[in-house]
Amino acid sequence: MPLNKKYIITSITLGTIAASSAVLIGLANLLTKDKIAQNEREKVLNGIVEIFGEGTEIASEGAVSYGKYINYQYDVNGGYAFKATGSNTYGKITILVGFSNANGNYAYKGLTMIVDEQTYASTLEDNYITQVSHTDDFDSVDVKCGATYGATLVSDMVHEAKEFIESWKND
């Protein structure tokens with residue numbers, strides 16, 4: 001009987017610890033989720049200004065689903081921006097890809113990083129993102145930069161955004 005009592009006490013103790021941990025995690029989420037959403041929104045707004053310039057305003061926005069990466073669209077004065085999210089074995093990346101609109105001709109305008117959880121994040125940003133952020137010839141920048149998997153993921157996201165906006169031309 002004492003052995004059963006020991007197992008029961010151990011089970012109750014572990015259950016109490018697990019329940020307490022779940023409550024604390026839930027409380028932390030409740031307290032921080034709005035601030036996290038607000039911070040991401042500010043990063044998006046700052047990214048749009050970085051791509052399109054000061055005075056840029058969002059005319060409309062909404063969730064979209066295109067391909068593997070494109071999940072949100074922003075109509076801004078002067079063009080469109082798409083939020084793309086992807087991940088690989090090195091972590092998650094979220095970027096904004098901007099396209100200018102001149103009489104229905106959409107041209108790559110630039111990109112900005114919203115979330116970079118890659119293992120080699122600083123290498124990716126220093127050796128690739130800064131080069132492709134505001135270039136007219138995105139494809140000329142080599143993805144072999146010391147963070148090749150991250151750069152390839154970003155390149156794939158930009159190409160998917162280009163595909164998406166090109167599909168508008170054909171409609």
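**Close-up 1. Strand E3 and the hairpins on either side of it.** A hairpin of 2 residues links strand E3 to strand E4 in this predicted model. The two strands, E3 and E4, run antiparallel and are joined by 10 bridges, and at one position along E4 the residue Lys92 stands opposite Ser87. Strand E3 also pairs with strand E2 (residues 70-76), again in the antiparallel sense, over 6 bridges, with Ala81 of E3 serving as the bridge partner of Tyr74. The hairpin of E2 and E3 has 2 residues between the strands, and in this hairpin Gly78 adopts a positive phi near 100°. Strand E3 is mostly covered, since 7 of its 10 residues are buried.

**Close-up 2. The largest nonpolar core.** This core is made up of 29 residues, and Ile95, Tyr128 and Val154 are those with the most contacts inside it. Two or more residues each are supplied by strands E3 (79-88), E4 (91-102) and E5 (105-116) and by helices H2 (121-132) and H3 (148-169), with H3 giving the largest share, 8 residues. When neighbours within four places in sequence are left aside, Val154 is in contact with Ile93, Ile95, Leu111, Tyr128 and Ile129.

**Close-up 3. A second, separate core.** Apart from the largest core there is a separate one of 10 residues, which includes Phe52, Ala81, Ile114 and Val115. Of these, Ala81 is also the residue of E3 that has Tyr74 as its bridge partner.

**Close-up 4. The salt bridge between Lys83 and Glu40.** A search of the whole structure finds 2 salt bridges, and in one of them the side chains of Lys83 and Glu40 meet at 3.1 Å, N to O. Lys83 belongs to strand E3 and Glu40 to helix H1 (residues 2-52), so this pair ties together parts that lie 43 residues apart in sequence. Lys83 has a relative accessibility of 13% and therefore counts as buried, the cut-off being under 20%, whereas Glu40, at 29%, counts as partly exposed.

**Close-up 5. The salt bridge between Glu61 and Arg41.** Here the side chains of Glu61 and Arg41 meet at 2.8 Å, N to O. Because Glu61 lies in strand E1 (residues 58-66) and Arg41 in helix H1, the pair ties together parts that are 20 residues apart in sequence. Glu61 counts as partly exposed at 33% relative accessibility, and Arg41 is likewise partly exposed, with a relative accessible area of 33%.

Methods
Residues numbered from 1 in each chain as written. Predicted model: local features only at pLDDT ≥ 70, side-chain atom pairs only at ≥ 80, totals over all residues. Heavy atoms only, no water. Core = buried A, V, L, I, M, F, W, Y, C linked by side-chain atoms within 4.5 Å. Buried < 20%, exposed > 50% of the residue type's maximum accessible area, 1.4 Å probe, protein only. Helix = DSSP H or I, 4+ residues; strand = E, 2+ residues; numbered from the N terminus. Contact = heavy atoms within 4.5 Å. Pairing = 2+ DSSP bridges. Salt bridge = Lys/Arg side-chain N within 4 Å of Asp/Glu carboxyl O.
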